[in-house]
Amino acid sequence: MDYRDSIDRLMSLVDHERTSHPGPRQKVIYDLSRVQALLGLLGNPQASARSIHVAGTKGKGSTAALCDAALQAAGYKTGFYSSPHLHSFRERIRIDTQPIGEADFAGLVEKLWPRHESVSAESPLGPVTLFEFMTAMAFQGFSEAKVDFQTIEVGLGGRLDATNVLYPEVCVITSISMDHTAILGDSLGEIASEKAGIIKRGSPVVIAPQAQEAADVIEKVCQRQGARPIHVGRDVTWERGATGPGGQGFSVDGRLGRYELTMPLLGSHQLENASAAVAALEVLTERGYGIPPDAIQRGFAGVSWPCRMEVLSRSPLVVADGAHNLHSMDALLESLPGYLEYDRLIIVAGFSRDKNVEDMVQRLALAGPTVFATRSRHPRSLSPEAAAALFAGHGVQATATEGTAEALERALAVAGPKDLALATGSLFVAAEAREAMLGIEPEIYPDLLPLEQRSP
């Protein structure tokens with residue numbers, strides 16, 4: 001099996017990421033039995049390495065990437081599992097911070113495929129999903145590579161997420177906000193209950209600043225599980241330092257000491273994520289694992305986590321950010337003027353249909369931007385015409401443009417030397433802007449393109 005064959009196999013699996021969730025929560029069955037059965041046939045590789053498990057609505061990927069980078073800088077062999085990917089499926093499974101190779105990826109698919117067929121045939125809940133299969137692939141890959149630590153980002157929720165088969169050294173719950181309400185619940189309390197499902201008895205829990213409703217739920221789960229909470233913003237605090245388009249400096253006052261740090265990730269919200277990562281790494285230090293402060297410094301300084309307020313060009317100034325709900329959009333728009341200097345804001349905006357697009361458009365409209373409404377290749381993307389109509393409803397005339405690359409080209413054509421072109425509204429639009437600016441060749445999955453973008 002070669003790499004392209006392996007991708008074709010994966011695309012044949014049930015993929016809840018690329019299909020709209022069909023209404024009432026009970027219509028989509030999330031359950032751990034399939035992934036547990038698949039992992040059981042592999043000898044439970046998830047237990048082969050020490051784990052950090054990270055859940056949350058926003059910031060979980062950045063926090064996980066920072067932990068992974070610091071552990072690798074400390075001399076450990078590391079595995080990092082995240083989703084979704086920007087340009088290639090291989091990004092989801094990283095060893096020593098780098099995506100695994102095509103041959104290794106294809107080999108894992110080939111190894112797991114007969115086990116998947118066996119589990120799918122026997123499960124009363126239906127076939128193994130793509131995310132469950134990828135999760136098992138990651139654990140198997142990390143086991144075969146003999147990693148020391150695996151940092152695992154939750155895909156969706158926590159309690160019934162396929163990654164929730166771990167007994168981690170430390171759990172992290174980043175900022176929780178309203179998202180995926182059709183699956184996780186209609187209130188912050190319900191969503192927090194799902195996220196807190198990763199908390200295991202005796203595992204310390206790093207908790208980012210939360211709204212009170214979410215915080216109360218997480219605290220109750222910690223008490224029930226006998227898990228020690230560590231509060232970012234109270235037990236671990238931060239101070240912002242010098243900033244620029246290439247990154248920011250900051251200090252973190254942890255429970256074990258003070259850290260003077262830099263990182264390429266921009267935005268005030270990233271300081272919170274970095275502090276959560278420091279708090280998690282300190283737990284590992286307390287447990288006897290050597291992670292010196294200089295490893296945290298080197299790891300954070302070299303971390304790569306694209307499409308999060310990422311500066312793709314300084315002349316002209318182009319930024320890609322995958323903000324896809326109101327909370328993340330607020331964080332982005334509040335941070336931009338504090339980190340970057342620009343005159344006019346020109347937005348390349350595209351959204352997923354299953355998000356609260358109206359609220360995001362309203363927030364973007366308040367910035368008084370010039371807007372090019374577009375869509376990504378993702379099958380859940382909202383049409384450019386529908387996005388433009390939403391902007392018009394808030395008094396902003398938007399130009400509907402079919403593809404992200406064309407929309408970005410048109411944005412740059414009208415941008416002055418001191419203007420900012422921002423691609424946002426979904427991670428997929430941000431990724432396609434990154435591809436256009438940096439000349440990255442993406443993986444294309446023709447059968448999953450929106451109908452309007454498929455070849456006849």
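Eight strands make up an open sheet in this predicted model, and reading across it the order is S4-S3-S2-S5-S1-S6-S7-S8, with mixed pairing. Strand S4 (98-99) and strand S8 (229-231) stand at the edges, each with a single partner strand, so one side of each has no neighbour in the sheet. If sheets are new to you, here is the basic idea: strands pair through backbone hydrogen bonds, and they may do so in a parallel or an antiparallel way.

Let's step inside the sheet and look at strand S1, residues 50-55. On one side, S1 runs parallel to S6, joined by 4 bridges. You can find one such pairing by locating valine 54, whose bridge partner in S6 is valine 172. S1 also pairs with S5, again in the parallel sense, over 5 bridges. Here isoleucine 52 is the residue to look for, as it stands opposite threonine 151 in S5. How much of S1 is covered? Of its 6 residues, 5 are buried, so the strand is mostly covered.

Now for the helices that pack on this sheet. Helix H5 (residues 130-145) touches strand S2 (78-81), strand S3 (93-95) and S5. The direction of H5 makes about 15 degrees with that of S3. Helix H9 (residues 268-286) packs on the sheet too, touching S1, S5, S6, strand S7 (205-207) and S8. Its direction makes about 170 degrees with that of S6.

H9 deserves a longer look. The helix has 19 residues and spans 28 Å from its first C-alpha to its last, close to the 27 Å expected at 1.5 Å a residue. It is mostly covered, with 15 of its 19 residues buried. A helpful rule when you follow a helix by eye is that an α-helix has 3.6 residues a turn, so residues three or four places apart point the same way. Just after H9 comes glycine 288, which takes a positive phi of about 100 degrees.

Isoleucine 173 is a good place to see how distant parts of a chain can meet. This residue lies in strand S6. Is isoleucine 173 buried or exposed? It is buried, because its relative accessible area is 0%, and buried means under 20%. Isoleucine 173 and alanine 276 are 103 residues apart in sequence, yet their C-alpha atoms are 8.6 Å apart in space. Leaving aside neighbours within four places in sequence, isoleucine 173 is in contact with a list of residues including Ala55, Ile198, Val206, Ile207 and Ile218.

Loops can hold buried residues as well. Asparagine 164 is found in the loop between strand S5 (149-153) and strand S6 (170-173), and with a relative accessible area of 8% this asparagine counts as buried. What does the side chain of asparagine 164 reach? One target is the backbone oxygen of arginine 159, at 3.0 Å, and another is the backbone oxygen of glycine 158, at 3.3 Å. Beyond its neighbours within four places in sequence, asparagine 164 is in contact with residues among them Leu32, His53, Gly197 and Lys200.

What about the cysteines? A disulfide is a covalent bond between the sulfur atoms of two cysteines. How many disulfides are there? The count comes to 0, where a pair of cysteine sulfur atoms would have to be within 2.5 Å. Cysteine 67 is in no disulfide, as the nearest cysteine sulfur, belonging to cysteine 171, is 12 Å away. Cysteine 67 is buried, at 0% relative accessibility, and cysteine 307 is also buried, with a relative accessible area of 0%.

To finish the tour, turn to another open sheet, built from 3 strands in the order S9-S10-S11 with antiparallel pairing. Strand S9 (237-244) and strand S11 (258-263) stand at the edges, and each has a single partner strand, so one side of each is left without a neighbour in the sheet. From one strand to the next, the twist averages 15 degrees. S9 and strand S10 (residues 247-253) run antiparallel and are joined by 6 bridges. Within that pairing, arginine 240 has phenylalanine 250 in S10 as its bridge partner. Helix H11 (residues 326-339) packs on this sheet, touching S9 and S10. The direction of H11 makes about 55 degrees with that of S9.

Technical notes:
Residues numbered from 1 in each chain as written. Predicted model: local features only at pLDDT ≥ 70, side-chain atom pairs only at ≥ 80, totals over all residues. Heavy atoms only, no water. Helix = DSSP H or I, 4+ residues; strand = E, 2+ residues; numbered from the N terminus. Buried < 20%, exposed > 50% of the residue type's maximum accessible area, 1.4 Å probe, protein only. Polar contact = N/O pair within 3.5 Å; in protein donor to acceptor, adjacent residues only side chain to side chain. Contact = heavy atoms within 4.5 Å. Pairing = 2+ DSSP bridges. Axes fitted to C-alpha atoms, helices over the stretch in contact; angles between N-to-C directions. Expected span 1.5 Å × (residues − 1).
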